[in-house]
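This note concerns the surroundings of a bound ligand. Please read the points below with the structure open.

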Amino acid sequence: MAMDQGGPRSQEENVVASARAHFERTLVQVRGAVVGSVAAMEHPSSGDAANYGEVFLRDNVPVMVHLLLEGRFAIVRHFLDVSLALQSRSDQTRGIFPTSFLEQDSVLIADYGQRSIGRISSVDASLWWPVLCWLYVRRSGDQDFALTQEVQDGLQRLLDLVLHPSFEGTPVLFVPDCAFMIDRPMDVWGAPLEVEVLLFGCLRSCCRLLELAQGNRFSERRDQSLARARRWVRDLRAYLLKNYWVTSKTVQVLRRRPTEQYGDDQHVNAFNVQAQVVPAWLQEWLENRGGYLIGNMRTGRPDFRFYSLGNSLACLFGLITAPQQRALFRLVLHNRDHLIAKMPMRICHPPLDDEEWKEKTGSDPKNWTWCYHNGGHWPCLLWYLGAAILLHERQHPGSDGALMEQMREFLEECYASQLRQLPRQRWAEYFDGPTGTWVGQQARTYQTWTIVGFLLLHHLLRIQPSDAELFAIDPFDPQTRGRRTRLQEE
Ligand code: GLC
């Protein structure tokens, strides 16, 4: 799309200006200070208090990234402070951050799951907090914040919650169904990709924040946590790469693996996966050179569905290697008709069909086949993939130039399609149907992360592409490119 010729550019500018204005209206104040954005506005013109929804931590991830890029650091610090003050101190949930909070009679009421539909658990919010905290400290240079007793104690509480012995004895976090963005039943219990990738980003961010404090004052407890977190990161990465990464080659091996293995030294099929569970659609989906992280690994029952957010975050956090990232990009291009279709991008593919929907979602009407979390399209997901592509381009210039050029074009087209559609569709929350054409049956409008996700992609494509580096958890240093990364040393 030729943006630099008169007309189209001004149309783009208009859309960006109105998105910015909508975004400003999503910011909520409590006692005179902004505490974050509401999830959706619905009717931005009415200006009435009934429009105030809750402040969801996960929905505020792109909000805070956007504010960081705009240099509005005080708001981000306050948001981190407010959510830290709400971190649970009670016996059974100690260390958990709330999924969301709202103000009632000047008091902040937090939801750790006890008020939510279905009483689900708040896992991703807890894992996002250290990531956001580290991004804030790095971008603003405010190391003093990281060194405060409140932050160091909060990190310790979270690490105590996460790094504990478990019945599985594996480095993954075991969670019930609905513990992350997919917060209605979708058969995503166990070790779902998004949670595990977030755990990886969370632990690496915790390490950076604890290391900052190391120079300050000796603390044996902190040093022990740091050592455990480092080991956990290394083991978690090895575990995910071994059990979740698939390509055409690994599937062929998997289909011929022996089953019923017992004992210490037989590791090829530790989860006793039968060849019959490998779905037929994988063949065409993977073609020759594609690869991705599957959705979950459980005894005998891997989840081969593709989850867009978990895979994009795996690139951003550097969980998968550079060649794996390019295999993932190839897979996205190859399956563009599914993953993008009319609205970038689908949350999870393929959807559960009628029978599976009944059995696995408990007939949840929102998650009906091709709807909402079950194959719906969520515009807020595109910028994560966009940032992953742009970050890759910066970290590995010149590698597979032809592919990366195609990815650039792809991203421009996706951006152009959001630019065209989203204002008309009133910045809807999600889209339904096999091509993602219809506005979701229960979609809210003027959804904050739809608006801000678009603004972020606009920023990365048009204003400052180098800001994609904000996400690399280790500071980006061109001098060390190609050498061993800190991650490999952890
Ligand atoms: C829905 C989504 C969830 C989101 C919330 C607020 O519950 O499934 O991911 O955080 O709405 O937008």
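How do the residues of the shell around the ligand divide into nonpolar, polar and charged?

1. The model under review is predicted. In the shell around the ligand, five residues are nonpolar, two are polar and five are charged. The residues around the ligand include Ala 39, Phe 56, Arg 58 and Met 181, as well as Glu 429, Gln 447 and Trp 449.

2. Several side chains place polar atoms beside oxygen atoms of the ligand. For Asp 59, a polar side-chain atom lies 2.5 Å from a ligand oxygen. For His 373, the distance from a polar side-chain atom to an oxygen atom of the ligand is 2.8 Å. An N or O atom in the side chain of Tyr 372 is 3.2 Å from an oxygen atom of the ligand. On its own the ligand has 310 Å² of accessible area, and the protein covers 93% of that area.

3. The ligand occupies the second largest pocket, which holds about 560 Å³ of space. There are 28 residues in the lining of this pocket, and those nearest its centre are Phe 56, Ile 117, Asp 183, Tyr 372 and Arg 444. Sorted by class, the lining comprises 10 nonpolar, seven polar and 11 charged residues.

4. The position of the ligand relative to the domains also deserves attention. Because domain 1 (26–244) and domain 2 (305–490) both contribute residues to the shell around the ligand, the ligand lies between them. The second largest pocket likewise lies between domain 1 and domain 2, because both give residues to its lining.

Notes
Residues are numbered from 1 along each chain as its sequence is written. This is a predicted model: local features need pLDDT of at least 70, side-chain atom pairs count only at pLDDT 80 or more; totals for chains, interfaces and linings use all residues. Side-chain values use heavy atoms; hydrogens and water are left out. A residue is near a molecule or strand if one of its heavy atoms lies within 4 Å of it. A polar contact is a pair of N or O atoms within 3.5 Å; within protein, one must be able to donate a hydrogen and the other to accept it, and residues adjacent in sequence count only if both atoms are side-chain atoms. Accessible areas come from the Shrake-Rupley method with a 1.4 Å probe; for residues, only the protein chains shown count as cover. On a 1 Å grid over the protein atoms alone, a cavity is a set of points where a 1.4 Å probe fits but cannot get out, and a pocket is an open set with protein on both sides within 12 Å along at least five of seven lines; lining residues have an atom within 4 Å of a point. A molecule sits in a cavity or pocket if more than half of its atoms lie within 2 Å of its grid points. Ala, Val, Leu, Ile, Met, Phe, Trp, Tyr, Cys and Pro count as nonpolar, Asp, Glu, Lys and Arg as charged, and the others, Gly among them, as polar. Domain bounds come from an automatic or database domain assignment. Grid points are joined across faces, edges and corners, and a volume is the space filled by probe spheres set on the points.
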